[in-house]
Amino acid sequence: MSSNAIEDKPKNAAFRVGLGDITPNNLGQLKRLNTVLFPVVYAPSFYKEVLEIGEFAKIIYFNDVCVGAVCCRKEDADGSTSLQNLYIATLGVLAPYRRLGLGSKMLMHILENAEQTSSNESKIAKVYLHVQSNNEEALEFYKKHGFEVAEKCENYYPNFEVSDAFKLEKVLTA
Amino acid sequence: MRELPQKEANLFKQILRCYENKQYKKGFKGAEQILKKFPEHGETLALKGLFYNHLDKKEEAYEFVKKGLRHDLKSHVCWHVFGLLYRSDKNYEEAMKCYSQALKIDKENLQIMRDYSLLQIHTRNYEAFADTRHQLLELRPQNRQFWIGLAIAYHMMGKPELGIKVLATYEETLKDIPTKPDYEHSEMLLYHNAMLEDTGDIQAAFDHLSTIEAHVCDPKTLKEKRAQFLLTLGRQEEAVAAYRTLIAHNPDNFAYMDGLRKSLGLDNDNLTCEEEVKVLDVFKELQKEYPRSNAAKRLPLRYATGEAFVKTADGYLRIMLRKGVPSLFVNIKILYTDKEKEQAIEKLALGYLAALDKSKCFDTAGSSIEPPTALLWTLYFLAQHFDFKRDTAQALGYINRAIEHTPTLVELHMTKGRILKHAGDLAGALDSLNEARELDLQDRFINSKCTKYMLRADKMAEAEKTVVLFARADIVDPLNDLVDMQAMWYSLEAGESHIRQGQLGRALKRFHQVEKHFVDFTEDQFDFHMYCLRKMTLRAYIALLKLEDQLRSHAYYVRATQNAVRCYVALFDKPNGEDSEEMEGMTDAEKKKFRNKQRKAELKAQKEAEEKKAQAVLEITKKGGKVDEDPEGLKYSKTEDPLGAALKFLKPLQELAAERIETHLMSFEIYIRKNKLLLALKSLLKSIKIDANNATLHEQLVRFALAVQKAGDTLKPAVKSVINKHWETLYQGKDLSGFNAQFLAKNKDLGSVPHLISAAIAVSLIHPNDKTKAEEILFAMGEDKYVSTRSLENCLLSMKTLKSLRSNRLQEFKTKAAKWYPKATAFQS
């Protein structure tokens with residue numbers, strides 16, 4: 001390799017990224033994404049909830065093309081009536097569009113919104129999710145964003161070859 | 001008795017005002033009040049009729065207007081009212097007669113004269129229009145509208161120099177020319193200039209521009225005209241400067257750039273090498289000056305050749321693929337008329353794909369890493385490119401890769417559908433389109449496209465369900481609303497689907513809808529005759545008149561006509577119902593059995609449908625909608641005179657599309673069936689003049705000769721002598737077999753499948769008992785030289801021809817065709 005090879009290293013061309021709402025009209029795109037990204041088939045009730053959760057379910061656009069999505073649901077926190085937990089059900093980006101910061105962008109959007117709940121909503125105590133135990137890439141990704149392993153859930157995915165999962169969570173400071 | 005007492009006379013004036021102000025109910029009451037006292041007052045009776053007309057009571061309207069006239073034949077009001085009534089029913093001829101009567105009684109009635117002139121221009125009776133306009137001007141020379149009306153009359157008569165004189169005279173009488181920008185005055189001056197241009201005296205038009213400049217408030221037109229005139233006058237340097245100014249205003253206007261190129265003297269169809277270099281330099285400069293201009297980047301692709309083309313195209317494609325412009329291929333494919341350019345583009349795009357796969361760059365030198373969408377759009381481009389070449393396998397390969405890459409992109413599924421459609425798999429095409437539609441439910445375009453594919457696959461119920469998804473929520477009968485909205489694409493596609501399903505009545509109903517829309521377009525111009533003069537939108541008005549005159553040469557009208565003629569001809573040939581596609585090739589006994597079976601099924605379906613319909617009718621009428629009295633279109637399919645109906649459809653094209661061979665080919669089909677040999681001959685001669693080697697024409701020539709033969713001695717000598725006179729032109733002194741052989745020999749090297757089909761049909765007509773010869777001719781299409789015209793459409797046509805010959809080699813053909821078009825469902829057994 002010549003000495004100036006480093007300077008000649010190709011640069012990434014500029015691109016545009018944007019988040020968009022999920023609506024009844026583009027729900028087909030979310031379904032399409034989930035079919036490709038996850039081995040789980042989601043029930044119609046899942047998609048119904050997605051339409052009602054506002055900022056906690058988003059589609060991400062790369063150069064105006066829909067390439068990923070994140071969907072969460074709210075759950076009541078144990079033993080509290082005023083606190084809720086946010087569960088990230090799905091977060092994924094199509095293979096060709098990974099390592100471009102799109103996942104981080106979606107996760108940061110979720111965390112920011114979880115931290116600023118408006119006055120008439122319950123506060124969100126923590127954000128959590130499950131990751132298949134062998135998914136190093138995902139584990140690293142969430143740890144980078146301040147998530148910690150809360151527990152190991154054995155046989156969480158009974159139908160998969162690797163059936164264990166880690167439960168990852170991030171407690172939000174009030 | 002016409003004079004009314006004071007009180008009633010005032011009331012009469014009031015109801016006249018009510019009519020002008022569209023207060024029809026109030027006016028109606030007033031009229032009744034007068035009639036209580038004077039039940040035989042003619043003018044009031046007539047007016048009452050007119051009010052009835054506006055209150056949607058046609059019968060009463062005519063009754064009272066006529067009654068009024070009977071009581072007062074010498075009243076111009078009664079005649080005027082009668083004319084207005086006819087006019088509202090679009091019976092212009094009768095209306096004009098009434099106006100002319102009214103004017104005989106009251107020679108200087110401005111209102112009637114004005115109404116009369118509207119009908120004259122509407123029916124394009126320019127001479128009479130000019131007359132009336134002249135009278136109006138003489139009566140009211142201070143009125144600008146009348147001056148301009150007369151100028152328009154002369155202009156439309158093809159005498160712009162007279163129109164100019166009128167306008168010039170009027171302009172001279174103007175004492176105070178508006179100093180502030182005045183749109184109406186400005187428009188009149190620009191119209192004056194447009195007429196000058198129409199005289200062909202460009203110098204005069206050019207000089208005129210500088211005299212009006214100060215008063216024109218449309219500076220863009222002024223500049224455009226100046227540049228255009230300078231170019232025409234050969235004042236190149238000034239033209240160059242003028243076009244450069246225009247480009248500075250809008251660097252994305254193709255016409256301005258064309259103007260600049262021509263001004264620079266680079267205007268040949270085939271540029272020399274030096275000229276090419278010059279043109280490309282001009283665009284390079286423009287690109288530097290206007291880096292955001294698409295026109296400056298795209299236009300050089302037209303002019304560059306060889307190495308220069310590759311370099312220019314390379315730059316252009318990279319920018320567009322990086323940016324992600326879905327329409328890129330549509331924009332590029334126009335260049336493919338030049339094979340060399342097509343190959344160059346293919347090579348470039350394949351090169352990008354290889355490099356992107358390897359290193360995410362457009363080339364191996366690796367200038368910059370492209371976004372993942374660059375690969376996506378490159379795959380999309382290649383899929384379209386190979387689809388354009390009808391290379392289904394490659395096209396599908398690329399589009400499937402693209403879908404795997406980014407399955408959420410609507411365009412990809414749409415293109416996959418298009419590829420499958422071209423390959424003859426209509427059901428598969430429809431599935432892809434439906435997938436695309438489900439990805440974006442708020443996109444009306446994809447919804448309509450999907451509907452179209454459903455109709456192509458003859459899935460009428462699904463199509464109806466899909467297309468109404470975008471109907472407005474408050475519409476009672478959304479399918480009928482499509483007709484009201486003049487959605488002609490839908491009518492045409494639905495009608496063509498009905499033809500395929502053998503439902504000719506329903507099909508004709510659709511084509512007549514299209515025809516009705518064109519009638520409406522013509523009618524719609526009526527309001528503009530007055531409006532444009534009042535609002536002084538003169539140039540737009542002239543453009544409208546010219547457009548209306550050409551209206552029926554529009555592709556949609558032509559398509560509706562071709563289909564309608566096909567239907568009517570089929571109805572004439574087989575009044576008992578056209579064979580549906582599945583019936584082709586059956587024996588008569590089989591057909592009878594099939595028809596009986598069909599009829600039984602139909603009866604059953606009809607019963608069910610009627611029950612459903614009763615329900616639907618109840619619902620629709622409850623909501624105030626209209627009920628379709630004739631959904632089957634029996635009015636059309638049971639017509640006494642299908643050929644007459646066909647001819648009526650075709651008439652406008654014989655005038656407006658006389659340069660299209662299809663017009664005369666259709667005419668022939670009608671005349672030969674009407675046994676009008678001379679008119680058939682005339683159609684043939686016209687076709688020969690347009691394209692003597694047209695495939696269908698050949699078959700028609702043979703049919704004509706056979707018809708003449710059959711008529712034999714029953715032909716009138718006068719007819720016979722005319723036909724004889726042209727015989728040599730038609731058949732070059734050959735007998736029919738010789739004529740057909742000559743046709744085949746002549747087209748041997750052409751490699752044209754349509755010519756084979758025509759020759760095969762011809763031979764089967766000449767030798768009705770020997771189909772082997774016809775089969776032999778058709779099967780020649782397997783030879784390599786026919787590859788370029790062995791399109792799916794032509795293969796389907798060949799199959800149809802074999803079926804109608806009752807050929808034993810049908811299966812053999814299907815097997816062959818299935819190899820050429822493995823995805824086409826029609827050839828699968």
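This report describes a predicted model of two chains, A and B, beginning with the sheet of chain A and ending with the helices and domains of chain B.

Chain A contains four helices and eight strands, and along the sequence these elements follow the pattern β-β-α-α-β-β-β-α-β-α-β-β. Taken along the principal axes, the C-alpha atoms of chain A fill a box of roughly 65 × 40 × 35 Å.

Seven strands of chain A form an open sheet, in which the order of the strands is 2-3-4-5-6-8-7 and the pairing is mixed. Strand 2 (17-21) and strand 7 of chain A stand at the edges, and because each has a single partner strand, one side of each is left without a neighbour in the sheet. When direction is ignored, neighbouring strands of this sheet are turned by 25° against each other on average. A student who follows a single strand through the picture may also keep in mind that, in a regular strand, the side chains alternate between the two faces of the sheet.

Three of the strand pairs can be set side by side, each with one pair of bridge partners.

| Strand pair (chain A) | Sense | Bridges | One pair of bridge partners |
|---|---|---|---|
| Strand 4 and strand 5 (residues 83-93) | antiparallel | nine bridges | A:Asp76 and A:Gln84 |
| Strand 6 (residues 123-132) and strand 8 (residues 165-171) | antiparallel | seven bridges | A:His130 and A:Lys167 |
| Strand 7 (residues 148-153) and strand 8 | antiparallel | five bridges | A:Cys153 and A:Ala165 |

Strand 8 of chain A is thus joined to strand 6 of chain A by seven bridges and to strand 7 of chain A by five bridges.

Turning back to strand 4 of chain A, which is joined to strand 5 of chain A by nine bridges in the antiparallel sense, one can see how a helix is placed against the sheet. Helix 1 of chain A packs on the sheet and touches strand 3 (57-62), strand 4 and strand 5 of chain A, while the direction of this helix makes about 90° with that of strand 4 of chain A.

The two chains also touch each other, with 22 residues of chain A in contact with 21 residues of chain B. On the side of chain A that touches chain B, strand 1 (11-12), helix 1 (27-37) and strand 4 (65-76) each supply at least two residues. Which of the elements of chain A gives the most to this side? Helix 1 of chain A does, with five residues. Sorted by class, the side of chain A that touches chain B has 13 nonpolar, six polar and three charged residues.

In chain B, the axes of helix 1 (residues 6-20) and helix 2 (residues 24-37) come within 8 Å and cross at roughly 155°. An angle over 145 degrees counts as roughly antiparallel, and therefore helix 1 and helix 2 of chain B are roughly antiparallel to each other. Their crossing is left-handed. Among the residues that make the contact are B:Leu11, B:Phe12 and B:Ile15 of helix 1 of chain B, together with B:Gly27, B:Gly30 and B:Ile34 of helix 2 of chain B. By class, the contact of these two helices of chain B has seven nonpolar, four polar and three charged residues.

On a wider scale, the domain assignment of chain B gives domain 1 (6-183), domain 2 (407-470) and domain 3 (674-827). The centres of domain 1 and domain 2 of chain B, taken over C-alpha atoms, are separated by 52 Å.

Conventions: Residues are numbered from 1 along each chain as its sequence is written. Chains are lettered from A and ligands numbered from 1 in the order in which they are written. This is a predicted model: local features need pLDDT of at least 70, side-chain atom pairs count only at pLDDT 80 or more; totals for chains, interfaces and linings use all residues. Two strands pair if DSSP finds at least two bridges between them. Domain bounds come from an automatic or database domain assignment. Axes are lines fitted to C-alpha atoms, for helices over the stretch in contact, and angles run from 0 to 180 degrees between N-to-C directions. Angles under 35 degrees count as roughly parallel, over 145 as roughly antiparallel, 65 to 115 as roughly perpendicular and the rest as oblique. A crossing is left-handed if the near helix is turned anticlockwise from the far one by less than a right angle, and right-handed if clockwise. Two residues are in contact if their C-beta atoms, placed from the backbone, lie within 7 Å. Ala, Val, Leu, Ile, Met, Phe, Trp, Tyr, Cys and Pro count as nonpolar, Asp, Glu, Lys and Arg as charged, and the others, Gly among them, as polar.
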